[in-house]
Amino acid sequence: MLQNPPAKPLLIYDGNCTFCQKWILRLLRLTGNRIECRPSQECAENFSEIPPEAFQESVQYIDKNGAVYSGALAFFQAMATHPLARLPLFIYQNLPGFGILSEDCYQWVARNRSRLSSFDSALTGLCGKIPHYETSTRLFLRLLAAVYLIAFASLGMQIIGLIGSNGIAPARELLPAVVAQYDILSFFKLPTLFWLCNDDWILQGACVAGAVLSVIALFGFAQPVCFFLLWFLYLSLCSVGNVFLGFQWDNLLLEAGFLGILIAPWCWHHFKKGGFEAPVLGRWLLLWLLFRLMFSSGMVKWLSGDAAWHHLTALQYHYETQPLPTFIGYFAHQLPAGFQHFSVLAMFGIELLLPFLIFGPRRLQLCAASGFIFLQLLITLTGNYCFFGLLSVGLCLFLIDDVTWFRIAHFLRLPALFKPHSQISPPSVPACPLFISLPLAALIFFLSLAQLSGLFFNSFFWPAPVAWLAENAAGFRTVNSYGLFAVMTTVRREITVEGSADGNTWFEYEFKWKPGATTKRPDFVAPYQPRLDWQMWFAALGSYKQNPWFLRFCEQLLRGSPDVLRLLKTNPFHEHPPKYIRAVMYEYHFTKTDVLSRSGEWWTATYLGPYCPTLYLNRQEP
């Protein structure tokens, strides 16, 4: 017990040890300004009651009462100054043998700290420092707001034709069916704003409100409030969006958007203030989401047992058979088979191995980020997948620290608007309180772990309370499963929709983006998503009986619905709707480059037969 204890708890460490410096910085990040840390070289002489050799052997912690602790116990005492970090000290004091084991481990580290420091420096590239992510935080928050803006603006141009009162799958018809099945639990099964009103103007208004809130968040105003409202508005639309809003990037936006609430600064405007970095808990939740996204994408392909993936031939079909290819996808399809096999192997390496580097040191994280971003770039260049690539790259940002951004800016000869951090400083902007973020983080992690385990244990049954919780949380789409193209489509079929006034002469309805005329070049449309064009690709994989929305689509064409016709590129019946509608099926293949250069044809189309019977309206209907 010291006679003159410090006014604030003090941890004294070896200032010449870079390994010690890094862990002291981590401790300060945890405890904030609750304790003070000083090198022994500066202050050891002020505490003559402590033997000089004690400072060489281990860290020394002095509390406000003058009590002195050393070794592992010193660290646990320092951590315990934070209310949520008292568990290690409790275990140290109450679990037999844990204290002895902790001190033995500490002494081993202390004896080998020079080697550990060299090893740590080799893996991280930061000597005595810890990485900071202020730049990545700013970029991610802006990117998340931009993706929301893209999503709402894109959907606003289509929403009435898709789920409006005269649309393909009206929302007002879905809600009564849910009530009939679930009664008072309907909101939890289908959480949506449109229980209050589902008129067309409110559907359109939700898209406009989402776009406005996205712009507000983009400029850094009231981001937690904006992200919560954006999440709920988009969830409301997805809940009533039927097949048109059930894509994986919709779920990914909802999940990442909900986590955005937890990492956004809790103030009205922060971009001018600066000094904000995503809380450690929020950052790791986003990295956990990135891990699940990438790892699940690889595992569903491998575990599906599909021969195209197992034999490494999938990319010989993928560029041609994906929903909306680009002209770069056309040329990628022409590459030699050996290169396609290598590409599949590389894809498996990125999706199955690199995700584990997310949890490694800084340099390994940078390797993972490079691989993920490279893969997303290739996917974006060869196919149109809405905002999926943009959002996936956004998650990768939290693998890139401020020092790396500084070096990138220096390499590109760009003005460095920030400096790499060298030490911890108290954040100038408040973050989400732990009493909110910690329970939500625990719930999200627990549910996602249960969901991820389903990849490997199909017959595993969770206890009833866990199953109940997972079932009732599923409607909110904050924890989702991922993995596109688990089974590779090897043949491309396209549906052509035609109308006729007399049953003899037929005119084709041309879609805006999906393949139609063989001379039509596959173009870029992402990040905009033509949701009807996308759904036509899925319809071609099955029959019209498996896609009841398709019959409703044909019905609206027979009625001449302006809202539905706006989703198409051409309407061959300007004066009055057709009397008959039919749909026929073709098999499409990319042409060879010599055929393209000679005839201008990107596709070949082979007639297969009718997709559904010829349709017409009952004359007795109004």
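A residue counts as buried under 20% relative accessible area, as exposed over 50%, and as partly exposed in between. The model described here is predicted. By that scale Phe221 is partly exposed, because its relative accessibility is 40%.

**Nonpolar surface patch**

Phe221 sits in the loop that runs between α12 (200–218) and α13 (223–240). Together with Val208, Val212, Val215, Ile216 and Phe219, Phe221 makes a nonpolar surface patch of about 500 Å².

**Salt bridges**

The count of salt bridges comes to 18. Three of the pairs are listed below, with the distance between nitrogen and oxygen.

| Pair | N to O distance |
|---|---|
| Arg113 and Asp14 | 3.5 Å |
| Glu471 and Lys189 | 3.3 Å |
| Arg521 and Asp523 | 2.7 Å |

Which parts of the chain does the salt bridge between Arg113 and Asp14 tie together? Arg113 belongs to helix α7 (residues 113–124), while Asp14 is in the loop between β1 (10–13) and α1 (18–31), so the pair ties together parts that are 99 residues apart in sequence. Asp14 is classed as buried because its relative accessible area is 13%, and the cut-off for that class is under 20%.

The side chains of Glu471 and Lys189 also meet in a salt bridge. Here both partners are in helices: Glu471 lies in α24 (residues 464–473) and Lys189 in α11 (residues 186–189), so this pair ties together parts that are 282 residues apart in sequence. Lys189 has a relative accessible area of 23% and is therefore partly exposed.

In the salt bridge between Arg521 and Asp523 the closest approach given is 2.7 Å, N to O. Arg521 is partly exposed, with 40% relative accessibility. Asp523 is partly exposed as well, with a relative accessible area of 27%.

Salt bridges also link Arg492, Glu494 and Lys514 in a network. Lys514 appears again in the lining of the largest cavity.

**Cavities**

How many cavities of 30 Å³ or more does a search of the whole structure find? The search finds two. The largest cavity holds about 70 Å³ of space. Its lining is made up of Ile495, Thr496, Val497, Glu508, Tyr509, Glu510, Phe511, Lys514, Pro515, Gly516, Lys520 and Tyr588. Two strands, β5 (492–500) and β6 (507–509), each supply at least two residues of this lining. The most comes from β5, which gives three residues.

**Cysteines**

A disulfide is a covalent bond between the sulfur atoms of two cysteines. Searching the whole structure gives zero disulfides. Cys386, for instance, is in no disulfide, and the nearest cysteine sulfur, in Cys238, is 11 Å away. Is Cys386 buried or exposed? Cys386 counts as buried, because its relative accessibility is 8%.

Why does Cys396 have no bond to the closest cysteine sulfur? That sulfur belongs to Cys367 and lies 13 Å from the sulfur of Cys396, which is too far for a bond; the cut-off for a disulfide is a pair of sulfur atoms within 2.5 Å. Cys396 is buried too, with a relative accessibility of 0%.

How values were computed:
Residues are numbered from 1 along each chain as its sequence is written. This is a predicted model: local features need pLDDT of at least 70, side-chain atom pairs count only at pLDDT 80 or more; totals for chains, interfaces and linings use all residues. Side-chain values use heavy atoms; hydrogens and water are left out. Patches are made of residues with over 30% relative accessible area and no salt bridge: like charges are joined within 9 Å, nonpolar side chains (Val, Leu, Ile, Met, Phe, Trp, Tyr) within 5 Å. Accessible areas come from the Shrake-Rupley method with a 1.4 Å probe; for residues, only the protein chains shown count as cover. A salt bridge is a side-chain nitrogen of Lys or Arg within 4 Å of a carboxyl oxygen of Asp or Glu. Helices (H or I, at least four residues) and strands (E, at least two) are DSSP runs, numbered from the N terminus. Buried means under 20% relative accessible area, exposed over 50%, partly exposed in between (1.4 Å probe, protein chains only). On a 1 Å grid over the protein atoms alone, a cavity is a set of points where a 1.4 Å probe fits but cannot get out, and a pocket is an open set with protein on both sides within 12 Å along at least five of seven lines; lining residues have an atom within 4 Å of a point. Grid points are joined across faces, edges and corners, and a volume is the space filled by probe spheres set on the points.
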